[in-house]
Amino acid sequence: MAAVVMTAAGLLGGAPAQAPAAELPYRNAALPVDERVEDLLGRMTLDDKLGQMTQADRSALDPQSDIATYRLGSVLSGGGSAPAQNTAEGWADMYDAYQRTALSTPLGIPLLYGVDAVHGHNNVRGATIFPHNIGLGATGDPELVERIGAATAEEVAGTGVDWDFAPCLCVARNDRWGRTYESFGEVPELPTAMTTLITGLQGETLGSGPASVLATAKHYLGDGGTEGGVDQGDTRLSEAELRAVHLPPFREAVARGVGSVMVSYSSWNGEKVHGSAYLINGLLKEELGFDGFVVSDWGAIDQLDGSPGFTGAEIAQGINAGLDMIMVPYEYREFLSLLRQEVQAGRIPMERIDDANRRILTKKFELGLFEHPYTDRSLTGTVGSAAHRELARQAVRESQVLLKNEGGVLPLDPGARVFVAGKSADDIGNQSGGWTISWQGGSGEVTPGTTILDGIRAAALDPARVAYDREGEGVDGSYDVAVAVVGETPYAEGAGDRPGGLGLDQEDLDTLGRLRASGVPVVVVLVSGRPLDVAGPLADWDALLAAWLPGTEGAGVADVLYGAYPPTGRLPVTWPASASQEPINEGDGQQPLFPLGYGLGYGAAD
């Protein structure tokens, strides 16, 4: 399909004559938002309107002028899509350049720029990386989560970005799913309580402060309940079960005024949610009263007919079902051409196009983008600040769940001789997990931070009394205790699905074997995005601490290991006695290794 070609004025059959910009009602910040929206809508050509509904990835913009040529309403950075200078300043410069291009159009409609800041501003090197949601669920602390949302908003706004694809409000019902760590917990009460993150990101009302960022409730609806825990799979539930388990967090998100909702790739009883008018128009917009805008997931419009390459029919189905903005990362030119054909043929009513634009433009006005389109550089210095890192450290220590403590081996004596081992003891990438600098994440020094080993050394009275070898070589009976930091290496959706076993890998088992053979007590710190199958080797461990994916502030783990803070975390998910029990959830009649809500304190029996 030939690309759409538009004139510099963006005209389609002519446009109304424009008054000087200062006199235009939509430019008057003193007028009510709905009046400004209607005035602007009346001045927009079809090209302007279709562009507002289109979102492209920054890496596909060739050239940058396409933002103006195609009147794009939004740009995003997918996981790892960063400017060449991946610093806060580099992001701010990039954002301002894109915004400058958008404002060069006759109507000067500013861009929305979206990112997946799902545990801090995680695409930006040097940003504060907070624990992933499963760890925040373990804290049971909605007020802390709201503060994390506010800190994240400051760092996001400090790079110019004004839209965050968070929080994920899925209710994860099968730990084999590769997105389990993006869930606050397996029962709807946990993600519902943690919708405080929305208030943290947006403020009490959208645009109420300089660091107000548009939040996104995702992924609507039921993505945590797919058969077999398969990503983008099929959630086979009755409507009553879907409403009881998966809907409550979204109901609360709407009540909190969340500005956008992202639809799930998954299906409900065989029907793709992206094409479901009942779930989007009916349940979300009409029944729940959601008045923000609905955005599709990455390229998801192409999945409606089951064949590669999106079609006009797919576009019409999705938009008529209630999608307002379509994330077409690379094929935005073809998408716009097909979208125009569907509108001109009457298969997508203009009323639907205008409704989508009202929803999108309302959020742009509420954010204050027409008055303040560029980066607030006074916030740029908050990225990775000491205050935010201290908040992250607090979240880490509150998220630690003590599952076993035989003989009171924990807390560690600050004067003890400690041998530390394991692939995740000295690895920022492993402890941060997926969605860290890149989409799938990666091992190694991906971003600045404090490793768990760094934290242990700092907590000891004498760092020289802490030895370290990744494989556990050199441990002997002269040590008072051995600490093994083991678990999963980074992953995100798709690659993170584990349809087979959920056990430790061979490197971990070999390392633990060496430590156990030394005869000293063994403390296992498990770095993982979900419960793992550890029932077999658990008998050989004196203590087990679930550290989840703590992010850049590993000292929070050491705070608990050494008793500076007691363990207060509680399991946000049921821990299986074997992988064969999956899916296992509270109330299903299975006998777990540890139940939902379990967690020891110091002095408690194991």
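A crossing of two helices is called right-handed if the near helix is turned clockwise from the far one by less than a right angle. With that term in place, good morning, and let me turn to the structure above, which is a predicted model.

I begin with the pair to which the term applies. Helix α1, residues 33-43, and helix α14 have axes that come within 9 Å and cross at roughly 125 degrees. That angle makes α1 oblique to α14. The crossing of these two helices is right-handed. On the α1 side, the residues that meet α14 are V33, R36, V37, E38, L40 and L41. Their counterparts in α14 are D354, N357, R358, L361, T362, F365 and E366. By class, the residues of this contact between α1 and α14 divide into six nonpolar, two polar and five charged.

A second pair may be set beside it. Helix α9, residues 239-246, packs with α11 at an angle of about 50 degrees, and their axes are 15 Å apart. Here too the term is oblique, for α9 with respect to α11. The crossing of α9 and α11 is right-handed. From α9, the contact is made by E239, L242 and R243; from α11, by Y278, L279, L283 and E287. The contact of α9 with α11 comprises four nonpolar and three charged residues, and no polar ones.

Next, helix α12, residues 312-321. How many of its ten residues are buried? Seven of them are, so the helix is largely enclosed by the rest of the structure. The buried residues are G312, E314, I315, A316, G318, I319 and A321. What do they pack against? The partners are α11 (277-287), β11 (326-327), α13 (332-344) and α14 (350-366). Thus α11 and α14, named earlier in the two helix pairs, appear again around α12. After α12 comes G322, whose phi is positive, near 125 degrees.

One of the buried residues of α12, I315, leads us to the nonpolar cores. In soluble globular proteins, nonpolar side chains tend to be buried together. The largest core in this model has 100 residues, and the members that touch the most others are Y113, Y220, I315 and L339. Which helix gives the most to this core? It is α6, residues 142-157, with seven residues. Apart from this core lies another, of 65 residues, among them A421, V483, A484 and L600. As for L339, its contacts beyond four places in sequence are L50, I315, I319, I348 and I353. Two of these, I315 and I319, are buried residues of α12.

I close with two individual residues. D66 lies in helix α3, residues 66-69. Is D66 buried or exposed? Its relative accessible area is 5%, and since the cut-off for buried is under 20%, D66 counts as buried. Neighbours within four places aside, D66 is in contact with R71, L72, Y332 and R333.

P248, by contrast in class, is partly exposed, with a relative accessible area of 25%. Its place is in helix α10, residues 248-255. Leaving aside neighbours within four places in sequence, P248 is in contact with P188, T192 and R243. R243 also belongs to the α9 side of the contact with α11. Finally, P248 and W435 are 187 residues apart in sequence, and their C-alpha atoms are 26 Å apart in space. Thank you for your attention.

How values were computed: Residues are numbered from 1 along each chain as its sequence is written. This is a predicted model: local features need pLDDT of at least 70, side-chain atom pairs count only at pLDDT 80 or more; totals for chains, interfaces and linings use all residues. Side-chain values use heavy atoms; hydrogens and water are left out. Helices (H or I, at least four residues) and strands (E, at least two) are DSSP runs, numbered from the N terminus. Buried means under 20% relative accessible area, exposed over 50%, partly exposed in between (1.4 Å probe, protein chains only). Contact means heavy atoms within 4.5 Å. Axes are lines fitted to C-alpha atoms, for helices over the stretch in contact, and angles run from 0 to 180 degrees between N-to-C directions. Angles under 35 degrees count as roughly parallel, over 145 as roughly antiparallel, 65 to 115 as roughly perpendicular and the rest as oblique. Ala, Val, Leu, Ile, Met, Phe, Trp, Tyr, Cys and Pro count as nonpolar, Asp, Glu, Lys and Arg as charged, and the others, Gly among them, as polar. A nonpolar core is a set of buried Ala, Val, Leu, Ile, Met, Phe, Trp, Tyr and Cys residues joined through side-chain atoms within 4.5 Å.
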